[in-house]
Amino acid sequence: MDRWSTFCRAGADLLFGTRCAGCGVPGSIVCRVCCVVLEATARPVWPRPTPPGLPLPCGVTAYAGAARDLILAYKEHRNVALRRPLGAALSRAVLAVLASYPVERPIALVPAPTTRRAVRERGHDPIRGLAAAAADRVPGLVRVVPALELVHDTEDQARLSATARMGNLSGAYRVRRTRQRALPSVCCIVVDDVLTTGSTAAEAARALRHAGATVIGIAVVAATERTR
């Protein structure tokens, strides 16, 4: 979304009042009903089939209904006011990972990489923003480390099957040279907004392990419910 579109959205909010990004009810950016969706208890969200090498994935809700609309409003329509409630949900997924894997080293939240083109088109890096919002809510030595970058262009994952997604992302990520020295001294949790087939998370974990990092889990806001 460009600056003009953002200005128009702000003007519309002033004229017509704020509406819930999840259901459209006037009053607030997230109504109480939709907020309940984001306040669910985080749990393991293993995809079926599970990609090889995928660490424990934890999420808060299913990628459907209000949760889907809220994530899309933040990610694709630059509704940055949603960063706080979505980041709070992501922080509970991070805590769920930590509860199953007690660590003594500092924790690094590693955002799933976003292409430069996507960042330009959206006007922001949504995953990095969520990671920062989540880190502020997790006690202890937690910091955001944007360690991953794309090695080569990939196809749009939304149009691919689970098997095709794994092939599409194979070898697609690597650790930035400027981040390689810091990784062995921390435990990494890969963070993203949505877990679908798990291919993105598995490839991110592979790239981090290749650089000597310890990857203890995946934290997401929502997960697509899939069956074999």
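The side chains of Lys-75 and Asp-193 meet in a salt bridge, with N and O 3.0 Å apart. A salt bridge here is a side-chain nitrogen of Lys or Arg within 4 Å of a carboxyl oxygen of Asp or Glu. The pair links distant parts of the chain: Lys-75 sits in helix H3 (residues 65–75) and Asp-193 in strand E8 (residues 187–195), 118 residues apart. Lys-75 is buried at 18% relative accessibility. Asp-193 is buried too, at 4%. Buried means under 20% relative accessible area, exposed over 50%, and partly exposed in between (1.4 Å probe, protein chains only).

This is a predicted model: local features need pLDDT of at least 70, side-chain atom pairs count only at pLDDT 80 or more, and totals for chains, interfaces and linings use all residues. Residues are numbered from 1 along each chain as its sequence is written, and side-chain values use heavy atoms, with hydrogens and water left out.

**Confidence**

The mean pLDDT of the protein is 84, and 82% of the residues score at least 70. pLDDT is the predictor's confidence in each residue, from 0 to 100. Among the elements, helix H1 (residues 3–16) has the lowest mean pLDDT, 43, and strand E2 (residues 57–59) the highest, 98. Over residues 1–16 pLDDT stays under 50, and the model has 11 contacts beyond four places in sequence for them. Where pLDDT is low, the predicted coordinates should not be read in detail.

**Overall make-up**

The protein has 8 helices and 9 strands. Helices (H or I, at least four residues) and strands (E, at least two) are DSSP runs, numbered from the N terminus. Of the 228 residues, 45% are buried. The protein exposes about 11,900 Å², and carbon and sulfur atoms supply 52% of that area. Accessible areas come from the Shrake-Rupley method with a 1.4 Å probe; for residues, only the protein chains shown count as cover. Among contacts with a separation of 6 or more, 75% join residues 24 or more positions apart. Contact means heavy atoms within 4.5 Å.

**Salt bridges**

Side chains of opposite charge can pair when their charged atoms come close. The count comes to 5 salt bridges. Three of them are tabulated here.

| Pair | Closest N to O |
|---|---|
| Lys-75 and Asp-193 | 3.0 Å |
| Glu-39 and Arg-32 | 3.1 Å |
| Arg-176 and Glu-149 | 3.6 Å |

Glu-39 is partly exposed, at 39% relative accessible area. Its partner Arg-32 counts as exposed, at 55%. Arg-176 forms its bridge with Glu-149 at 3.6 Å. That pair also links distant parts of the chain: Arg-176 lies in the loop between strand E7 (173–175) and E8, Glu-149 in strand E6 (residues 148–150), 27 residues apart. Arg-176 is partly exposed at 30% relative accessibility. Glu-149, Arg-174 and Arg-176 are linked in a network of salt bridges.

**Nonpolar cores**

A nonpolar core is a set of buried Ala, Val, Leu, Ile, Met, Phe, Trp, Tyr and Cys residues joined through side-chain atoms within 4.5 Å. The largest has 40 residues; Leu-86, Val-94, Ile-107, Leu-109, Ile-189, Val-191 and Val-221 touch the most other members. Helix H2 (32–38), H3, helix H4 (83–100), strand E4 (107–111), H6, E8 and strand E9 (214–223) each supply at least two residues. H4 gives the most, with 8 residues. Leaving out residues up to four places away in sequence, Val-94 touches Leu-109, Val-138, Ile-189, Val-191 and Ala-219. Another core lies apart from this one; its 26 residues include Leu-148, Tyr-173, Cys-188 and Val-220.

Helix H6 (residues 126–135) is mostly covered, with 8 of its 10 residues buried. Among them are Ile-127, Leu-130 and Ala-133.

Ala-96 lies in helix H4. Ala-96 is buried, with a relative accessible area of 18%. Beyond four places in sequence, Ala-96 touches Ala-42 and Cys-58. Ala-96 and Leu-56 are 40 residues apart in sequence, and their C-alpha atoms are 9.8 Å apart.

**Cysteines**

A search of the whole structure finds 0 disulfides. A disulfide is a pair of cysteine sulfur atoms within 2.5 Å. The sulfur of Cys-20 has its closest cysteine sulfur in Cys-34, 3.7 Å away, too far for a bond. Cys-23 is in no disulfide either; the nearest cysteine sulfur, in Cys-31, is 3.6 Å away. Cys-20 is buried, at 4% relative accessibility. Cys-23 is partly exposed, at 44%.
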